[in-house]
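Biologist: I am new to this structure and would like to understand how each label on it is earned. Could we go through it together, slowly, with the reasons laid out?

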Amino acid sequence: MQKSTLTALAVVLATSACANSSRADNTSDGATQPVSNTSMSANTSAVVAQPEPTSVVPKGWATQWSAGGDLNADGVPDQVLILKRDGASVDGTRRLLIAFGKPDGTKSIAADTDTFLPVVENDTDPFASDNPLQIKNRSLRVYVEGTGTDLTHETFTFRYQNAKFELIGYDAVNQMRSTGDYDNESINYSTGNVEHTVGNIAQSKDVVTKTQLPAGQRPTLLSINLTEGFSPPEDEN
């Protein structure tokens, strides 16, 4: 009985030694190398390629102006682009495109419009001088310069709320070059407050009138058509 037990034990030990030797041989041959956390991370980053920022630009279009920042308060940078036809002059169709960034580096289109863009008049581009786009405090500001003989410019301020880009502010400056008279308007669409300022650059006193917008639906980015001009709603006296 004792001799049989010793023989069985010897067989077990021999089998274990052979298995260990086989594993060592396989490791030295590179057949089953252990995978560390570092190599896993490296493999993952090599497989998942991060998209380029220009990947949201449709085929056949080119970026004319751009701005970046967080618009939907998720902590991920978003992107606003003014696009023109690739190879075309600025007097053709243009688009305003907004893309929300995602934590994985991809982007989703949040707005795309070809009507909220002024047309080129008198060979003057309203967006020609400086970048007309700015993202600040989760709001998008678009600056539009006048193309006539007088000094005019408009500022549209949008905020993403209620699942759309609502107009929360509008400021217009209108100054006649010949006389120096000006008539400026500032509208806060969040509060409904309207302020008109009339004066002359040669005089120190302005005439300021404050009124209130009537109740009703407020404009949005997709509802404004600058190709036809923008007219704020009539205020209440």
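## Reasons behind the labels

Modeller: Let us begin with Thr-211, which has its place in strand β11 (residues 207-212); please keep in mind throughout that this is a predicted model.

Biologist: Why does Thr-211 count as buried?

Modeller: Buried means under 20% relative accessible area, and Thr-211 has a relative accessibility of 16%, so it counts as buried. In sequence Thr-211 and Asn-193 are 18 residues apart, while in space their C-alpha atoms are 6.2 Å apart.

Biologist: What makes β10 and β11 a pair of strands?

Modeller: Two strands pair if there are at least two bridges between them, and β10 and β11 are joined over six bridges in the antiparallel sense. Within this pairing, His-196 stands opposite Thr-209 in β11.

Biologist: Which residues does Thr-197 touch, leaving aside those up to four places away in sequence?

Modeller: Thr-197, which is placed in strand β10 (residues 193-200), touches Tyr-182, Asp-183, Asn-184, Asp-206, Val-207 and Val-208 when residues up to four places away in sequence are not counted. Because its relative accessible area is 14%, Thr-197 is buried.

Biologist: Where do β10 and β11 belong in the wider arrangement of strands?

Modeller: They belong to an open sheet of seven strands, with antiparallel pairing and the order β5-β6-β7-β8-β9-β10-β11.

Biologist: What makes β5 and β11 the edge strands of that sheet?

Modeller: Each of the two, β5 (133-136) and β11, pairs on one side only, and that is what an edge strand is here. On average, neighbouring strands of this sheet are turned by 15° against each other, with direction ignored.

Biologist: How many strands form the other open sheet, and in what order?

Modeller: That open sheet has four strands in the order β1-β2-β3-β4, and the pairing is antiparallel. Its edge strands are β1 (61-69) and β4, each of which pairs on one side only. Here the average turn between neighbouring strands is 25°, direction ignored.

Biologist: How do you know that β3 and β4 pair?

Modeller: The rule asks for at least two bridges, and six bridges join β3 to β4, which run antiparallel. As one example of the positions facing each other, Ala-99 stands opposite Ile-109 in β4.

Biologist: Why is the contact between Asp-112 and Arg-95 called a salt bridge?

Modeller: A salt bridge needs a side-chain nitrogen of Lys or Arg within 4 Å of a carboxyl oxygen of Asp or Glu, and the side chains of Asp-112 and Arg-95 meet at 2.4 Å, N to O. Asp-112 lies in strand β4 (residues 107-113) and Arg-95 in strand β3 (residues 94-101), so the pair ties together parts that are 17 residues apart in sequence. The count of salt bridges by this rule comes to one.

Biologist: Are the two partners buried or partly exposed?

Modeller: Arg-95 counts as buried because its relative accessibility is 17%, whereas Asp-112, with a relative accessible area of 35%, is partly exposed. Arg-95 also lies over the face of Trp-61, at 4.7 Å from the ring centre.

Biologist: Why is the aromatic pair of Phe-156 and Tyr-170 called tilted?

Modeller: Eight aromatic pairs are counted by the rule used here. For Phe-156 and Tyr-170, the rings are 5.2 Å apart, centre to centre, with 55° between the planes; rings pair if their centres lie within 6.5 Å, and planes that are neither under 30 degrees nor over 60 apart count as tilted, so this pair is a tilted one.

Biologist: Where in the chain do these two rings sit?

Modeller: Phe-156 is in strand β7 (residues 151-161) and Tyr-170 in strand β8 (residues 164-175), 14 residues apart, and the pair thus links distant parts of the chain. Phe-156 counts as buried because its relative accessibility is 0%, and Tyr-170 is likewise buried, at 3%. Ring pairs link both of them with Phe-116, Phe-158 and Phe-230 into a cluster.

Biologist: Why is Gly-229 described as partly exposed?

Modeller: Partly exposed covers values between 20% and 50%, and Gly-229 has a relative accessible area of 44%, so the label applies. Gly-229 lies in the segment after β11.

Definitions and conventions: Residues numbered from 1 in each chain as written. Predicted model: local features only at pLDDT ≥ 70, side-chain atom pairs only at ≥ 80, totals over all residues. Heavy atoms only, no water. Buried < 20%, exposed > 50% of the residue type's maximum accessible area, 1.4 Å probe, protein only. Phe/Tyr/Trp six-rings, centres within 6.5 Å; stacked < 30°, edge-to-face > 60°. Lys NZ or Arg CZ within 6 Å of the ring centre and 35° of its normal. Contact = heavy atoms within 4.5 Å. Axes fitted to C-alpha atoms, helices over the stretch in contact; angles between N-to-C directions.
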